[in-house]
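Please open the model in a viewer and keep the selection panel at hand. The tour below proposes a series of selections and states what each one shows.

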Amino acid sequence: MKRIITIILLLYAVSSAYAVHWDPSVSGAVLFSGTLFDSSIDSSGTHWSSVRLDAELDAAAIRFGKRHTLSLPFSVIYRSETGITERMQLAAAFGGELSLRYRLMMTDSAAVSFSGDMAFLWYDTCDAGAWQFGTTVELEYYPIPQIGISLPFTAAWGRDEFTYAIGAAVRIRFWGSV
Amino acid sequence: MRSALKYIVSAVLIAITALIISCSDPAHQSKVVFISAAIDYGPEGEINYLANPPEDQRVLSAEIRALAEGSGEIYEEYLFLEKNGERTFNGTRKNWNHDDILSVIASLDTVAEDLIIFHYSGHGDDDGSLVTDMDISFRLSPERLLDQLENTDGKKCLFLDSCYSGTFIDGGKLADGEVFFGGNLISESFVHALLPSLLMTFSAGHTERSDIWVFSAATENQSSFDSWDGGLPEQENFGAFTYYLASALGYDMENDRAAIPGRMTTITFYDIYQKVKENMDGSLWKEATPQVTLSPVDLVLFRF
């Protein structure tokens with residue numbers, strides 16, 4: 001009980017110190033994804049390349065003052081199947097990702113964000129799935145406050161697997177004020 | 001003098017080039033090797049007799065040969081058969097046992113791009129071992145077979161139509177959403193996979209065997225069936241699992257002949273799994289639930 005009261009008081013203090021705004025957004029991204037497996041999964045050491053599509057809803061986003069935003073975005077992910085190498089092919093996968101993100105507005109139109117991500121990917125081919133945990137750094141530019149373009153860089157680790165992605169995204173901020 | 005030297009140097013360079021070219025290996029045409037062991041424990045009337053393994057081997061060898069040759073690959077087959085209690089190897093009488101199977105695997109001349117398909121149709125022991133003879137000293141354990149296959153170059157695909165054959169499947173990298181009760185499948189959903197896969201992410205140890213994909217007729221706790229009455233007249237002549245497997249590979253069961261797909265088609269390991277899952281009788285799927293190695297990497301069996 002004490003802890004809950006302490007947290008509530010802290011939040012009140014922070015919100016009193018800053019003007020707090022709800023700052024939801026949606027975004028869509030296209031990324032180039034590369035995946036590497038432990039030799040126990042893939043002895044060929046192939047770098048598996050595929051296209052990844054992300055659709056994100058960042059509803060739980062709170063902006064403190066002009067510069068700092070904390071949010072819990074949720075994304076739906078699709079990763080395409082790869083080409084065939086040595087009789088093997090990385091299957092297509094789809095899933096969901098939940099992140100904890102911090103965004104810093106460096107100027108009125110440029111921002112950088114950092115997030116910790118957890119994703120569950122499902123492989124329709126064998127009706128099975130796996131978790132991945134990783135991090136994303138995103139460079140954002142807002143030519144107008146409501147619409148931004150960004151360059152996300154993602155790295156994630158799963159069991160016997162490392163995957164990275166780099167691409168481009170478009171973000172629409174509903175209230176769009178700086 | 002200078003011209004003579006030039007000619008001598010040119011001749012030496014040409015000779016060296018010719019030597020290098022002649023030493024290089026010719027391009028390797030990829031190969032499909034089919035190794036099958038099918039045992040009926042006969043003759044008919046014996047207590048452990050199984051009617052259908054010989055037919056299982058016949059249709060699978062015909063279909064895999066057709067697929068391999070149709071996709072432009074070299075085909076090799078090694079057929080270990082017991083029919084009416086008489087043992088043959090590639091059609092010649094031979095009193096073979098599992099050591100002969102392992103010797104054949106050890107002697108294969110394959111490279112990384114080649115495909116080795118191992119098929120077994122017969123009894124399986126409680127621990128998943130293949131019962132290559134009713135004499136208890138003749139058991140081919142999963143470890144021995146998988147170790148031998150792992151030491152062989154190429155991609156390996158195992159089709160196992162025997163009881164408890166799910167024992168051949170390693171822990172895997174992925175988690176499925178199957179829930180069993182009393183040995184039977186009662187539910188399947190991705191929701192059931194969330195927690196097991198989360199625990200798997202942080203558990204110690206790696207999947208130990210790469211380049212091996214296993215498709216078994218049942219889990220490690222289930223029996224498989226010598227035949228299944230699914231309502232189709234020809235279905236009773238084949239192992240319950242093998243009937244659907246051969247059909248999924250493309251064998252024309254109605255006309256009893258091998259068939260290959262049209263052009264621009266790729267047949268992968270998980271394609272076959274999904275076709276079996278789609279077509280298998282629901283009651284059979286619950287009692288003898290086929291299992292596959294769970295991997296994000298699919299094995300391409302044939303390309304047309």
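Select helix 2 of chain B together with strand 1 (31–39), strand 2 (74–83), strand 5 (115–121), strand 8 (155–161), helix 6 (240–249) and strand 15 of the same chain: these are the elements of this predicted model against which the buried residues of helix 2 pack. Within helix 2, colour Pro53(B), Glu55(B), Asp56(B), Gln57(B), Val59(B), Leu60(B), Ser61(B), Glu63(B), Ile64(B), Leu67(B) and Ala68(B), which are its buried residues. A distance label between the end C-alpha atoms of this helix, residues 53–70 of chain B, should read 25 Å. That value agrees with expectation, because 18 residues at 1.5 Å a residue should span 26 Å. Just after the helix, stop at Gly72(B), where phi is positive, at about 80°.

Next, select helix 7 of chain B. Its buried residues are Phe269(B), Tyr270(B), Ile272(B), Tyr273(B) and Val276(B). They cover an arc of only 155° around the axis and therefore lie on the same side of helix 7 of chain B. A general point on helices helps here: an α-helix has 3.6 residues a turn, so residues three or four places apart point the same way. To see what covers the buried residues of helix 7 of chain B, add the surrounding elements, including strand 8, strand 12 (212–216), helix 6, strand 13 (266–268), strand 14 (291–292) and strand 15 of chain B.

Now colour chain B by domain. The domain assignment gives domain 1 as 29–172 + 210–303 and domain 2 as 175–206. Taken over C-alpha atoms, the centres of the two domains of chain B are separated by 26 Å. Where they touch, seven residues of domain 1 of chain B are in contact with five residues of domain 2 of chain B. The domain 1 side of this contact comprises two nonpolar, three polar and two charged residues.

Continue with residues 178–181 and 184–188 of chain B, which are strand 10 and strand 11. These strands run antiparallel and are joined by four bridges. In this pairing, Phe180(B) stands opposite Leu185(B) of strand 11. The two strands form a hairpin with two residues between them, and Gly182(B) in the turn has a positive phi of about 65°.

Then display both chains. How many residues of chain B are in contact with chain A? There are 31, and they meet 28 residues of chain A. On the chain B side, at least two residues each come from strand 9 (175–176), helix 5 (191–202), helix 7 (269–279) and strand 15 (297–303). Helix 5 of chain B gives the most, with six residues. By class, the chain B side divides into 17 nonpolar, seven polar and seven charged residues.

Select strand 9 of chain B with strand 10 of chain A, residues 128–144: the two run antiparallel and are joined by two bridges. Here the bridge partner of Gly129(A) is Ala175(B).

Finish in chain A at Pro152(A), which is found in strand 11, residues 147–158. Is Pro152(A) buried or exposed? Pro152(A) counts as buried because there are 21 C-beta neighbours inside 10 Å. Beyond its neighbours within four places in sequence, Pro152(A) is in contact with Ala29(A), Leu31(A), Thr136(A), Glu138(A), Gly167(A) and Ala169(A). As a last distance label, take Pro152(A) and Arg87(A): they are 65 residues apart in sequence and 32 Å apart in space, C-alpha to C-alpha.

Note on methods
Residues numbered from 1 in each chain as written. Chains lettered and ligands numbered in written order. Predicted model: local features only at pLDDT ≥ 70, side-chain atom pairs only at ≥ 80, totals over all residues. Contact = placed C-beta atoms within 7 Å. Nonpolar A, V, L, I, M, F, W, Y, C, P; charged D, E, K, R; others polar. Pairing = 2+ DSSP bridges. Expected span 1.5 Å × (residues − 1). Buried ≥ 20, exposed ≤ 12 C-beta atoms within 10 Å, placed from the backbone. Arc of directions from axis to C-beta. Domains from an automatic or database assignment.
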